[in-house]
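Subject: The two-chain model, and what I found in it

Hello,

Here is the model I promised to pass on. Have a look at it first, and my notes follow below.

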Amino acid sequence: MTEKKKTQLKVLFSLIALLVCAGMLFYVNHYTRPTFMLRTVLQLGAIYALVAVSMNLLNGFTGLFSLGQAGFMAIGAYTFAIFTIPVKSRSGVYYLYGVADWLSNIQIPIWAAIILAGLVAAILAAIIGAPVLRLKSDYFAIATLGFAEIVRIIVGSSPMNRITNGSLGLKLIPKFSNFYFPFIVVGICILIVSLLIRSSYGRAFKAIREDEIAAEAMGINLAKHKQLSFIISSFFAGISGALMGMYLGAITSTTFNVTLTYNILLIVVIGGMGSITGSIISSFLVIAAREWWLRFLDMEIFIGSFKVPLLKSGFRMVVFSLILMIVVLFFRRGIMGTNELNWNFIINRLNKKKKTGGESCE
Amino acid sequence: MTTNAFLQYCLTGISIGGIYALIAIGYTMVYGILRLINFAHGDIFMMAAYFMIFSMVNFALPWYVAIIVVITATVILGVTIERIAYKPLRSAPRMSIMISAIGVSYFLQNVATYLFSALPKPYPAIGFLTKIISFGGISTSVVTFITPILTLAFVFILMQLINHTKIGMAMRAVSKDFETSQLMGIKINRVISFTFVIGCFLAAIGSVLYFTPRPSVYPLAGSLPGLKCFIAAVFGGIGSVPGAVLGGFIIGLSETFIKAAGYSEFSDVFTFILLIVILLIKPTGLFGEKITEKV
C-alpha cells in the first residue's frame, strides 16, 4: 500500500468515526428521555474537555504549570452572562443593586458573546502574561493561582455590584438553544488547538517543554511563544467558561474557586499531560464517573438488613481523590501519556499485539 | 484613628501575623529542602483543628492533654503524607511532585468533608485563652496577646536548632545540595521527615492559636490561610526561616490595617497583588538566596 493510499484510508476511517459519533449524539438526542444522565454527562464532558485541552496546551505542551484556569473561566462566563442576559429580565436579575446605565440596553447575539468571552480572557492573559511569564515553574503556578483568586474576589466584590451583581451572582443566562450546540463549539475549538499543535508553533511549544535553554539556542523566541501559548489557552478557557455559564444557567463567583482548577488538573493528569485526545477521553470518563457511575457511593445502601460500610454523602469525592493520587503515584503517564489516539497509534498497538502473541499490552 | 485604636489594630495584626509566621515556616522549610510547594500544608493545619474538636468535644479531654494529642496526630499525619505521596516521587520531574501535593490537598479536603461534613463545626474554647485582659485602654483576649510571644519563642528555639545542632546542620546541608549531602552520609529521608515534623508541629500550634478566637472550622478553612502563609514565605524569601517570620508579620499587619480602613473585601486581593509584585521585583524575596541557573 502506498503512503498516499494509506493517508486516504485514514481520512476515510476518520470520517466514518466522526459520523458514528454524530450518529450517537443524534440517537441520544432523539431516543432518550430528557432527564437521562448520559445527556448531562456528554454536555458537561464536552465543556470540561475544552477547558482540559486548553490547560493541557499550557501545562502539557508548553511545560508552564498554570493554576489559573478557573480565573479565566470566570472571566469568560461573566463576560458572556453580562452581555446575553435578556434586556427585559435584567431588572429581575439585578433586583438589589440595579444595572449599570451603559449596560442596561446592550445585548449581543450568543455567538458574538462567546467569542467576546474568549477575547476578554485572552486580553487579560496578555496583560498579566508579560510580567508573570518571567517566573520559573512553581512561582508561575502560585502567581497564576493568586491571579485566579484575585479575579474571583473582584468579580464578587461590592464595587462591581452594578455589573456583576456582586456576591449574588448572575442568573437567567440563556441556555443551549439545542442539544448539539456545545459539541459544535467544543469541536471547532479543539480542532483549532490540535491544528495549532501540529504547526510550527506547536513544535516550538514542545521544544520549550523539553528544554528551555536548548529551545532558545535553536532560535525559538521564548517570551513570544510562552506568551502566545498563555493567551491561546486563556482564550479557550474563556470560551469554555461561557459554555459553562450557559450549561449552569446561573453563576456566582464561588463557582470558579480553586477546586475547579484542581478538578481540571485532575482530568489533564488522568488523560496524560501532553495528549489532546487523552484529555478528551479522560474528561468524558471523569465526568461520567463523577456524575453518574459513582453516584451510588454517596448514598447509604442496604443489602437486606446489612448496611454497606463507608457509604455516605461525600465518599464519592474521597474515592475520586484517591484515584487521582494513584494515577499520580503509579501511572504518571495517565491514559495516553504524550501519545495521541489516532490511526497510527491504533495500528502500532495492533502490530505490537500480534508480535507479542496477542498478549494484552495495557 | 485614635492612638488606642491604632495600638489595638497593631496588636491584632501582630497576633495574626505570628500565626501566619508559624505556618509559613512549614512551607519555607519544606521548600528549602525538597523544592516543593507543599500545597497540603494548609489542609494539615485544617485537620489539626478537627483533631482538636475531636479530642476536646468527643473525648472530653482537658485542654493540655488535647493539645499534646493534636500535635502528635498532626505530626503523624504530616510524616505519613510525606512517606506516601512525596517520597516515591523523589526523582520524578518537579511538576509531578507538585501535582501530588495538590492531590493530597484535594484528598484531605474531601476526607474532611466526608468525615466531619461540610457544615462549620464550633471550635472548642480553651478557658484561660479566651479571657479578656485590658491594659492602658486596650482590651484583648489572652490568645491575641500571647500569640506573638509564643511565635518568637518557637522561632528562637528553631533557629538554635538549625544553627547549633547536628540535625540542624544536616538540614542546612541538604537544602544546599541534595545529592552531595547524601554522598556525605547524611540520611536524607530522616532529615526530610524531621523537617515535616517541625513544620507540622508549628502548624498544629498555629491551628490552636488561629481557631481559638474564631467561631468555627469547615473543610476549606485551611486553604486560604495556607495560600497566605505561602505568600508570606515567598515574600520573606523562600527557604529562609527569619524571612518567613518577617513575611508573616508584614502580611498580618497589612491585612489588619486594610480591614480597619474599611476594605475588608479586598484584603486578600492585596495579599495576592503583594505576591505578584514581590515576585516581579525581587523573585527571591527579602532574604532569599540568589539562585544561579545552571545548564
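How far apart are the end C-alpha atoms of helix α5 (residues 142-164) of chain B, and what should its 23 residues span at 1.5 Å a residue? The end C-alpha atoms of this helix are 33 Å apart, which agrees with the expected 33 Å. The expected span is 1.5 Å times one less than the number of residues. Helices and strands here are DSSP runs (H or I, at least four residues, for a helix; E, at least two, for a strand), numbered from the N terminus.

Before I go on, a word on conventions. This is a predicted model, in which local features need pLDDT of at least 70 and side-chain atom pairs count only at pLDDT 80 or more, while totals for chains, interfaces and linings use all residues. Residues are numbered from 1 along each chain as its sequence is written, and chains are lettered from A and ligands numbered from 1 in the order in which they are written.

Chain B

Chain B has 11 helices and 4 strands. Its radius of gyration is 19 Å, close to the 19 Å from the globule rule for 295 residues, so chain B is as compact as a globular protein of that length. That radius is taken over C-alpha atoms, and the rule is 2.2 Å times the number of residues to the power 0.38. Along the principal axes, the C-alpha atoms of chain B fill a box of roughly 60 × 45 × 35 Å. Of the 295 residues in chain B, 48% are buried. Buried means that 20 or more other C-beta atoms lie within 10 Å of the residue's own (12 or fewer is exposed, in between is partly exposed; C-beta atoms are placed from the backbone).

Back to α5(B): its buried residues include B:Val143, B:Thr147, B:Phe154 and B:Val155. The buried residues of α5(B) pack against α1 (3-34), β3, α8 (188-211) and α10 (241-260) of chain B. For contacts, the C-beta atoms of two residues, placed from the backbone, must lie within 7 Å.

The strand β3(B) (residues 138-141) runs antiparallel to β2(B) (residues 132-135), and 4 bridges join them. Strands count as paired if DSSP finds at least two bridges between them. B:Ile133 has B:Thr140 as its bridge partner, and B:Phe135 has B:Ile138. The hairpin has 2 residues between the strands, and B:Gly136 takes a positive phi near 55° there.

One residue you may like to find is B:Thr271, in helix α11 (residues 267-281) of chain B. B:Thr271 is buried, with 23 other C-beta atoms within 10 Å. Leaving aside neighbours within four places in sequence, B:Thr271 is in contact with B:Lys228, B:Ile231, B:Ile251 and B:Glu255.

Chain A

Chain A has 15 helices and 2 strands. Its radius of gyration is 22 Å, which agrees with the value near 21 Å for a compact globule of 362 residues. The C-alpha atoms of chain A fill a box of roughly 70 × 70 × 40 Å along the principal axes, and 41% of its 362 residues are buried.

The domain assignment gives chain A a domain 1 (54-256) and a domain 2 (259-299 + 308-346); such bounds come from an automatic or database domain assignment. Their centres, taken over C-alpha atoms, are separated by 23 Å. The contact between them takes 14 residues from domain 1 and 10 residues from domain 2. On the domain 1 side, α2(A) gives the most, with 5 residues.

Where the chains meet

The contact between the chains takes 33 residues from chain A and 32 residues from chain B. On the chain A side, α5 (110-132), α6 (137-155), α12 and α14 each supply at least two residues. The largest share, 11 residues, comes from α6(A). That side divides into 24 nonpolar, 6 polar and 3 charged residues. Here Ala, Val, Leu, Ile, Met, Phe, Trp, Tyr, Cys and Pro count as nonpolar, Asp, Glu, Lys and Arg as charged, and the others, Gly among them, as polar.

Helix α14(A) is worth a look too. The buried residues of α14(A) include A:Phe315, A:Phe320 and A:Leu324. They pack against α12 (258-271) and α13 (276-293) of chain A, together with α4 (94-116) of chain B.

Best wishes
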